[in-house]
Amino acid sequence: MCAGSALQQEYRQEYRRCLEQEFYQGHAGACSDPSMAQRLRQRLQQEPALLEALQEDGPAMVARGLQGHSDLGLALGGLARAFQLLETAAINLYLFPWRKEFGTVQTFSGAYVHSLRPALPEADLLRSFGRLGYEQCDQHCLTVCRPLPGPDLLAAACGFFACRLECEVLVEVVARLWPRRLRAEELLEARRLAGDVEACVELLQRLGTQHEVAAACSDPAVDLYQETPTGPVDKGGEDMGPSALRKDPSSWDHCGDGKSKQEAVPSVGDHNLDTSSHLIMEQELSRADRSPQVLGEPQDLPPTAPQEASELPCYQLHSCLRRGTLPSYCCTTCQQLHAGSCTAGQACRSRHRGQELRSERQQRLWLQRTEVDMLLADGS
């Protein structure tokens, strides 16, 4: 971690020197010194934690600014422009505290409506201007009600400058992975875990390749009720309580003919597999220095334990499945159901055993079976 008051002081003092030098040369506005930008950008590339040291909520603002955007390159360009405008507002108050026009920001102005509001949530904008001493007087106006001392304004300007450079670093990562469309969550998680830009690009490339291999190797013919049975078929008159439901999923389909069969799925031992996305990326990083392995094949899996044919493993819903969401993938290694957009589910497709749940009927039956499993587990 590079956070620390000494580091903050170092870059803020260098930022102030560059700013004042530009002012004496006739330039007033956001920092445009290429050497200063290059030094800080290179440090950010190696140490992403520097952003949080210079702007405490900087990483969170970048993440919120990217939410809901499919074209991350375009969104990052808009974010960089928004941070530059906030930096300029801080510098104007620092260099020209007597100029009244800088004491008021109209929220219906072109820059606010077309550059700031599309890039950042309104709450982040109000909080950022509040850091400069602005307060919202009415629906259309922000006014400096409490002028701040120069060091506070410089610290805010330097923080917005660092946010702008971080957006440029992320644009470089997105451009190097083009034409692949990244999701904001995986981009920011890889950036946080990998740190260095080269390692970040390599990690995202490796994960993308695994997803492609998994999609190409998935078998569309796999079906919950069409696989070769290994257990007894449903027999009329048997107990249809919760334990019977767990043993024979064919009994869930009341419209069926009672002949559907379910393959007994092998369960893993007591080895705990954490399927959250950031741990998956950490595992990928730890594998980077090892000898290459064949993509798409399960690696380092624990041996399967013997399983009675009449007793299926207990399944659980992954945290990606919200109420009302149907699963699209069943990982028989982790014994979890995943939504289609789940990062952990994508990793399971390439690393574990499982099957795609393609029809709505199949998805609902697996969901019902898993809910029964979870109820029984809670009861015991």
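**View 1. Q335 is a buried residue in a loop.** With a relative accessible area of 13%, Q335 counts as buried (under 20% relative accessible area, with exposed meaning over 50% and partly exposed in between, for a 1.4 Å probe and protein chains only). This is a predicted model, in which local features need pLDDT of at least 70 and side-chain atom pairs count only at pLDDT 80 or more, while totals for chains, interfaces and linings use all residues. Residues are numbered from 1 along each chain as its sequence is written, and side-chain values use heavy atoms, with hydrogens and water left out. To find Q335, look in the loop between β5 and β6 (strands are DSSP runs of E, at least two residues, and helices are runs of H or I, at least four, numbered from the N terminus). Its backbone is worth a look too: although Q335 is not a glycine, its phi is positive, about 60 degrees.

**View 2. The strands on either side of that loop belong to an open, mixed sheet.** Four strands line up here in the order β4-β6-β5-β7 (two strands pair if DSSP finds at least two bridges between them). β4 (316-317) and β7 (354-356) stand at the edges with a single partner strand each, so one side of each has no neighbour in the sheet. β5 (residues 329-331) pairs with β7 in the antiparallel sense over 3 bridges. For a landmark, take Y329, whose bridge partner in β7 is E356.

**View 3. Helix α13 lies across three strands of the mixed sheet.** α13 (residues 343-351) crosses β5, β6 (336-338) and β7. The helix runs at about 65 degrees to β5 (axes are lines fitted to C-alpha atoms, for helices over the stretch in contact, and angles run from 0 to 180 degrees between N-to-C directions).

**View 4. A second open sheet is antiparallel and holds three strands.** Their order is β1-β3-β2. The edge strands, β1 (104-106) and β2 (134-138), each pair on one side only. Ignoring direction, neighbouring strands in this sheet are turned by 30 degrees against each other on average. β2 and β3 (residues 141-144) share 4 bridges in the antiparallel sense, and Q136 has L142 as its bridge partner in β3. Helix α7 (residues 122-131) packs on the sheet and touches β1, β2 and β3 (contact means heavy atoms within 4.5 Å). The direction of α7 makes about 125 degrees with that of β2.

**View 5. Two buried cysteines are shown with their nearest cysteine neighbours.** How many disulfides are found in the whole structure? The search finds 0 (a disulfide is a pair of cysteine sulfur atoms within 2.5 Å). The closest cysteine sulfur to that of C141 is in C137, 5.2 Å away, which is too far for a bond. C141 is buried at a relative accessible area of 12%. C348 is in no disulfide either, and the nearest cysteine sulfur, that of C331, is 3.7 Å away. C348 is buried as well, at 1% relative accessibility.

**View 6. Q55 is a buried loop residue.** Look for Q55 between α3 (49-54) and α4 (58-66). Its relative accessibility is 4%, so Q55 counts as buried. Leaving out residues up to four places away in sequence, Q55 touches R131, G159, F160 and C163.

**View 7. A cis peptide bond joins W178 and P179.** Omega is about 10 degrees at this bond. P179 sits in the loop between α8 (150-176) and α9 (184-194).
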